[in-house]
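Please find below some remarks on the model under review. They begin with the chain as a whole and then turn to one group of strands.

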Amino acid sequence: MRRRRRAEQDLAQDGGPAGGGARYLLREKLLSIGDDFWIENDRGERIFLVDDKVLRVRDTVVIKDAHGNELLKLQKRLLRARDTMAIERGGDKVATVKKALITPLRDRFTVELEDGGRLEVEGDILDHEYQMTRDGIPVANISKRWFRVRDTYGVAVTPGQDDALVLAVTVCIDHLTEHDR
């Protein structure tokens with residue numbers, strides 16, 4: 001409990017993680033059909049390129065590093081009972097992002113990790129005010145409050161996380177909810 005409270009305080013201070021965590025800048029309504037865009041760090045440096053592959057049978061998004069190397073591939077799964085996207089690294093599935101069937105008070109997603117772990121995502125997804133946790137401990141905060149620029153939101157990732165994977169989950173959620181906007 002003490003560890004969870006400290007992690008939440010770290011994320012809350014100055015809008016981002018303490019102790020070396022990273023903050024990234026994303027644009028709202030990220031995935032307009034065919035749009036590629038950069039994810040920048042809090043210093044304005046282009047870190048990840050999000051490449052939306054329009055001419056595919058199913059929705060496919062590729063996240064590349066600043067040098068154009070493919071890091072992760074995101075693919076929407078067809079014919080599922082609920083909205084689902086798979087995240088692959090080097091041809092191997094690393095995670096599956098699923099929208100919750102029933103969300104009475106808050107939007108919810110679960111992320112099943114292939115290593116057996118699980119991430120929970122909860123909050124106001126459409127307004128980009130939500131938190132990602134693992135076993136109740138914050139992994140990332142997603143918020144529009146940190147920026148005065150319109151249509152912009154931030155992702156604050158706690159230290160020791162796989163930043164590319166956390167950002168991929170954020171992009172998946174944005175992609176899965178774009179029809180709700």
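The numbered points below concern a predicted model.

1. Overall make-up. The protein chain contains two helices and twelve strands. Read from the N terminus, the order of elements is α-β-β-β-β-β-β-β-β-β-β-β-β-α, with a helix at the start and another at the end of that series.

2. Burial and surface. Of the 181 residues in the protein chain, 47% are buried. The exposed surface of the protein chain comes to about 9900 Å², and carbon and sulfur atoms supply 45% of that area.

3. Contacts along the sequence. Among contacts between residues at least 6 apart in sequence, 33% link residues at least 24 apart.

4. Strands E7 and E8. Strand E7 covers residues 92–99 and strand E8 covers residues 107–113. The two run antiparallel and are joined by five bridges. Within this pairing, Lys98 lies opposite Thr110 of E8.

5. Strands E8 and E9. E8 is also joined to strand E9, residues 118–124, by six bridges, and this pair is likewise antiparallel. Four residues separate E8 from E9 in a hairpin. In its turn, Gly116 has a positive phi of about 100°.

6. Thr110 as a reference point. Which residue in E9 is the bridge partner of Thr110? The partner is Glu120. On the other pairing of E8, Thr110 stands opposite Lys98. A colleague inspecting the model may thus follow Lys98, Thr110 and Glu120 from one strand to the next.

Conventions
Residues numbered from 1 in each chain as written. Predicted model: local features only at pLDDT ≥ 70, side-chain atom pairs only at ≥ 80, totals over all residues. Heavy atoms only, no water. Pairing = 2+ DSSP bridges. Buried < 20%, exposed > 50% of the residue type's maximum accessible area, 1.4 Å probe, protein only. Contact = heavy atoms within 4.5 Å. Areas by Shrake-Rupley, 256 points an atom, 1.4 Å probe, with all protein chains shown as cover.
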